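This report covers the enclosed spaces of one protein model, then an open pocket and a surface patch.

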Amino acid sequence: MTATDLVASSPNSLSEKYSQQYDTIIIGSGIGGLVTATQLAAKGAKVLVLESYIIPGGSSGYFDRAGYRFDVGASMIFGFGDKGTTNLLTKALADVGMSIETIPDPVQIHYHLPNDLEVKVHRDYEQFIQELTQKFPQAATGIRQFYDECWKVFNCLNSMDLLSLEEIGYLTRVFFQKPLSCLGLARYLPFNAGDIARKYITEPEVLRFIDIECYCWSVVPAALTPMINAGMVFADRHYGGINYPKGGVGQIAQKLAEGLTNQGGEIHYKSRVKRIILERGQAIGVELVNGKTFFAKRIVSNATRWDTFGKLLEPADMPNREAKWQATYSKSPSFLSLHIGVKAEVLAPGTECHHIQLADWEQMTAARGAAGTLFVSIPTLLDPDLAPADHHIVHAFTPSWLDDWQNLTPTEYEAKKELQAGILLDRLEQLFPGLQAGMDFLEVGTPRTHRRFLGRADGSYGPMPSRKLAGLLPMPFNRTKIPGLYCVGDSTFPGQGLNAVAFSGYACAHRIAVDLGF
């Protein structure tokens, strides 16, 4: 049943609600929600975004402290290339007349791994392959075969416009335009990166390296990481590259929000949605915590699927397919984060922007205590204006479960933050000697912080497979089983990451535009 059908068969009151409100309401202003909103507004739809916080962006937001501008999340940004079709952040901004100056990062990650393994992922592909094969000459052929196969996936993606795979007209058109690319992608859809890696590589330490290559953005090892996603990441870092937005990651959401309003769309801040309103089983509107209601032909949730179906809807309204998905995917951990300001002299010349440190392969996925994978971003190496003169930002974070931070008194909570931060600071000291002596600012965030400010269930980074699945095939698209309700963001195809959720936003907007006749 379409919204038009519903209006035609409904009482006048429902028809009036539709006529005086919006074409689409988006709950949340993460990047997926904003791309959906801007794409629809650019097509002429009447769009409203409802954001519970005071600025847009969600996990891609920012905050200011003591002269520093900190990114809420990671600073390693894909999607800002200037060629091909996978540069979705560049395209999304341009579609609403916006742009952002970016700064290229010559090295995606500097890995500091067990057994004194040090590897830099250079922007130049051949330089990266040469460095890795020098570390593992016995696996040189297999290493190149695996990463070259990632390029095959990427080249298929990069040859076509990335829109809704739910829309038969798009699928038909793109198949006739790019049949080999479509068949190539279909071939890889059921596979995970680990399946492909093990075709070519047998050396355990090389396979562990590929595991952490996947884990650093998918939060699962290669055996559970879809090959489509791996192909996108492992090739695009060399094709479009890692590019940092001037002014910080928060500029992406700020510019998209500005583009939205320029196109006639609306965004309301401090507007927390209490529930999605259903009538006759169809999503027709939302109610805020203050009791205010808005109605639209289509409702899009940029919340996690756990929040969407567990909080914004009644349990009885959860479709069976959704319950099955929640049994197939589980919430990944949140993070324990340190936002640090340090004197510039702490960092040696030649220090890279992004680092990953791990001392024990068995602890790679650990999310209790502070022994797991440590992620480090130093965005001021690319954009010094984010910090006071002669200072740098060091953002360090490691996976952490919300349960480990619950049921604590305020005193116990602060003591635990201090203890866990001290462990991470000691680890950072190994990478950057003198860091603790050179600190002039420290703020600690826990999973409770992420849950509170980002509005994400358990502060989770996103979904992860509960078991080995057939690549991306089980990942849901944007439409849900509730008529009129769509989901967008990292709980939908193709998953986590700014470029991935931008893809989700393009797909969602395309599907809705077709449904509404724009």
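The second largest cavity holds about 50 Å³ of space. The model is a predicted one. Ten names make up the lining of this cavity: L163, S164, L165, E166, F477, N478, F493, F503, S504 and A507. By class, that lining splits into 6 nonpolar, 3 polar and 1 charged. Two of the names, L165 and F477, return below.

**The largest cavity**

How many cavities of 30 Å³ or more are there? The count is 2. The largest cavity encloses about 170 Å³. It is lined by 19 residues, and those closest to its centre are P226, Y329, P463, P465 and Q496. Two elements, α10 (204-218) and β19 (463-465), each supply at least two residues of this lining. Of the elements, β19 gives the most, with 3 residues. The lining of the largest cavity contains 12 nonpolar and 7 polar residues, but no charged ones. In the second largest cavity, by contrast, 1 lining residue is charged.

**The second largest pocket**

Now the open space. The second largest pocket has a volume of about 400 Å³. Its lining counts 22 residues. Nearest the centre of this pocket lie R321, P474, M475, P476 and F477. F477 also lines the second largest cavity.

Which helices each supply at least two residues of the pocket lining? They are α13 (305-310) and α14 (320-328). The most comes from α14, with 5 residues. The classes in this lining are 13 nonpolar, 2 polar and 7 charged.

The table sets the three spaces side by side.

| Space | Volume | Nonpolar lining residues | Polar lining residues | Charged lining residues |
|---|---|---|---|---|
| Second largest pocket | about 400 Å³ | 13 | 2 | 7 |
| Largest cavity | about 170 Å³ | 12 | 7 | none |
| Second largest cavity | about 50 Å³ | 6 | 3 | 1 |

**The surface patch**

L165, I168, L171 and F477 make a nonpolar surface patch of about 320 Å². Two patch members, L165 and F477, also belong to the lining of the second largest cavity. F477 is again among the residues nearest the centre of the second largest pocket.

I168 sits in helix α7, which spans residues 168-177. Is I168 buried or exposed? Its relative accessibility is 61%. The cut-off for exposed is over 50%, so I168 counts as exposed.

Key
Residues are numbered from 1 along each chain as its sequence is written. This is a predicted model: local features need pLDDT of at least 70, side-chain atom pairs count only at pLDDT 80 or more; totals for chains, interfaces and linings use all residues. Side-chain values use heavy atoms; hydrogens and water are left out. Patches are made of residues with over 30% relative accessible area and no salt bridge: like charges are joined within 9 Å, nonpolar side chains (Val, Leu, Ile, Met, Phe, Trp, Tyr) within 5 Å. Accessible areas come from the Shrake-Rupley method with a 1.4 Å probe; for residues, only the protein chains shown count as cover. A salt bridge is a side-chain nitrogen of Lys or Arg within 4 Å of a carboxyl oxygen of Asp or Glu. Helices (H or I, at least four residues) and strands (E, at least two) are DSSP runs, numbered from the N terminus. Buried means under 20% relative accessible area, exposed over 50%, partly exposed in between (1.4 Å probe, protein chains only). On a 1 Å grid over the protein atoms alone, a cavity is a set of points where a 1.4 Å probe fits but cannot get out, and a pocket is an open set with protein on both sides within 12 Å along at least five of seven lines; lining residues have an atom within 4 Å of a point. Grid points are joined across faces, edges and corners, and a volume is the space filled by probe spheres set on the points. Ala, Val, Leu, Ile, Met, Phe, Trp, Tyr, Cys and Pro count as nonpolar, Asp, Glu, Lys and Arg as charged, and the others, Gly among them, as polar.
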